[in-house]
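I opened this model to look at its bound ligands. My notes are below, in the order I looked things up.

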Amino acid sequence: MAKAKNAGTATPALQWLAANRAAAIGRLVEWLRIPSISTDPKHAKDCVAAAKWAGEQLTAAGLKVEICPTGTAGKPGHPIVLATAGGDADYAGPHVLFYGHYDVQPCDPLELWESPPFEPVIRPARKGEKGGERVVARGAVDDKGQVLMFIEALHAALATTGKPAGGVKLTVMLEGEEESGSANLEPFVKSRQKQLKACDVCVISDTGMLDRGLPAITYGVRGLAYTEVRLHSASRDLHSGQWGGRCPNPITELAKVLAQLHDKDRKVTIPGFYKDVLALSKTERANWAKLKFSAKAALKEIGLPPAADIGEKGYTATEREWARPTAEINGIWGGYTGVGAKTVIPAYATAKVSFRLVANQDETRIPKMFFEWCKKHTPPGCRWEFTNLHGGPGVTCDVDSPYLQTATAAIKDATGKAAALIKTGGSIPVAGMLKTRLGIDTIFMGFGLDDDRVHSPNEKFELECFDMGARSHACYLTRLAAMRR
Ligand code: BES
Ligand code: MN
Ligand code: MN
């Protein structure tokens, strides 16, 4: 990779960002008003609108934009925005692929929102709240706010250099199904394999910082395997007076089985589950221990006492989140859940069970192992129905990679601070796809905070974080643009 000649001279772009801050926030509010909930078919049109909105911004930033439909006629998906900047003839830096998602999570429970989720509110911190001014809306930090930081950096680049992306060779890919399993992304990546393979590195802003004012680069995300299991008992719902005590209650039996997923040390009991997990290195453990992070404080923030610091025995909270796999029950239901009482033994009970994966764990094998394990624990007289919903592998990027170092340098230019090297327990399916299919590494340059209420009511993004991100991306583009033959 070519070295930057005049690294860090992003001043004009930074000045542009400062001068256009109010307009940028206005743009963010506009985008956040579009309720692009990907999992809900009722919002399909909104997803198209959110994609188009982003496409217009990228066009305004001088990129060549395509809004690509996905799915099939019978099962349409949400469009993928693909935009390119060709780069100057003597550009010698990497061809960067920027990925983000314009879709958002559903908003329920609605009654817990302080303001309607798609009517963004800009407000200062209230008494007892940390941080400063913020925008409160669904998608504020995950991921529209973070994608817009990059788009603003592109606006700044065009305005200050007269060239799209400042002369950097760039591809932007914005997906609309990240929050619902990215079902149409894999076929899309496959169909554009040739074009995408030309990219050298992927950059994603969809993760968090170490803390307020402490920027970070995330060098790994966990993988995910998401399943649904249904335990069937009788052929119909039964009167619990007539049948209680005479035949299996599938809710009780399902709960008993799933309660055995963890042993007394909170290790997952599925045989072979840990087989492909790499042990944590001494260096990594030592580095993570040095990070300014308090498990106690983090628990306090979510209303829990220190005693709640539980998980797999032998690992710290950070290690458990970043480097250990987990099994979680995400939902469990059956029988009567309405108002009042109904004396029923249901015909079946269902649970959503997902696994966060690390290292070389195979997201296609884990559900099979889990289903086998369920079968071995089949309660008398019952039968299972299994569904493998979606999944993707975890990825880790080499911390010595020159691409990562350029990003670190850009963050230093923009914030004056050294970015901490962290991982996250969350998953971003595209990263695994790019790695396995195209051999492309991903650098996660995110500016969220742990208390941003991602996926929760009152999601927010603090404007200081938004500024840091936009500045960092502007400096990143400037550093890249300086790489010349
Ligand atoms: N941006 C998140 C991932 C994330 C969350 C990173 C918190 C860092 C901190 C992403 O949009 C997300 O929610 N991913 C899902 C993936 C799933 C729906 C396939 C996840 O992790 O559950
Ligand atoms: Mn996200
Ligand atoms: Mn998300």
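These entries cover the ligand sites of a predicted model.

**Entry 1: ligand 1.** I listed the shell first. There are 14 residues around ligand 1, and Glu178, Asp206, Arg356, Ser427 and His455 come nearest. I then sorted the shell by character: two nonpolar, seven polar and five charged residues.

**Entry 2: polar contacts.** I looked up side-chain contacts to oxygen atoms of ligand 1. Glu178 places a polar side-chain atom 2.7 Å from one. For His101 the distance is 3.2 Å. For Glu179 I also read 3.2 Å. On its own, ligand 1 has 520 Å² of accessible area, and the protein covers 83% of that.

**Entry 3: position.** Where does ligand 1 lie relative to domain 1 and domain 2? Both domain 1 (11-221 + 395-481) and domain 2 (223-277 + 325-392) give residues to its shell, so ligand 1 lies between them.

**Entry 4: the manganese ion (ligand 2).** I looked up its protein donors. They are His101 (NE2), Asp142 (OD) and Asp206 (OD), with Asp206 (OD) listed twice, at 2.0 to 2.3 Å from the ion. Along the chain the donors follow the spacing H-x40-D-x63-D. I checked the geometry next. The site has six donor atoms with angles of 58 to 169° among them, and it is irregular.

**Entry 5: the bridge.** Which residue bridges the manganese ions, ligand 2 and ligand 3? I found Asp142 in that role, with the two ions 3.6 Å apart. Asp142 sits in the loop between strand E5 (134-136) and helix H4 (144-161), and Asp206 in the loop between strand E7 (201-204) and strand E8 (216-218), so the pair ties together parts 64 residues apart in sequence.

Definitions and conventions. Residues are numbered from 1 along each chain as its sequence is written. Chains are lettered from A and ligands numbered from 1 in the order in which they are written. This is a predicted model: local features need pLDDT of at least 70, side-chain atom pairs count only at pLDDT 80 or more; totals for chains, interfaces and linings use all residues. Side-chain values use heavy atoms; hydrogens and water are left out. A residue is near a molecule or strand if one of its heavy atoms lies within 4 Å of it. A polar contact is a pair of N or O atoms within 3.5 Å; within protein, one must be able to donate a hydrogen and the other to accept it, and residues adjacent in sequence count only if both atoms are side-chain atoms. Accessible areas come from the Shrake-Rupley method with a 1.4 Å probe; for residues, only the protein chains shown count as cover. Ala, Val, Leu, Ile, Met, Phe, Trp, Tyr, Cys and Pro count as nonpolar, Asp, Glu, Lys and Arg as charged, and the others, Gly among them, as polar. Domain bounds come from an automatic or database domain assignment. Donors are N, O and S atoms within 2.8 Å of the metal (3.2 Å for Na, K and Ca); water is not among the atoms, so sites may look incomplete. Four donors count as tetrahedral if all angles lie between 85 and 135 degrees; four count as square planar and six as octahedral if opposite donors are over 155 degrees apart and all others between 65 and 115; anything else is irregular. Helices (H or I, at least four residues) and strands (E, at least two) are DSSP runs, numbered from the N terminus.
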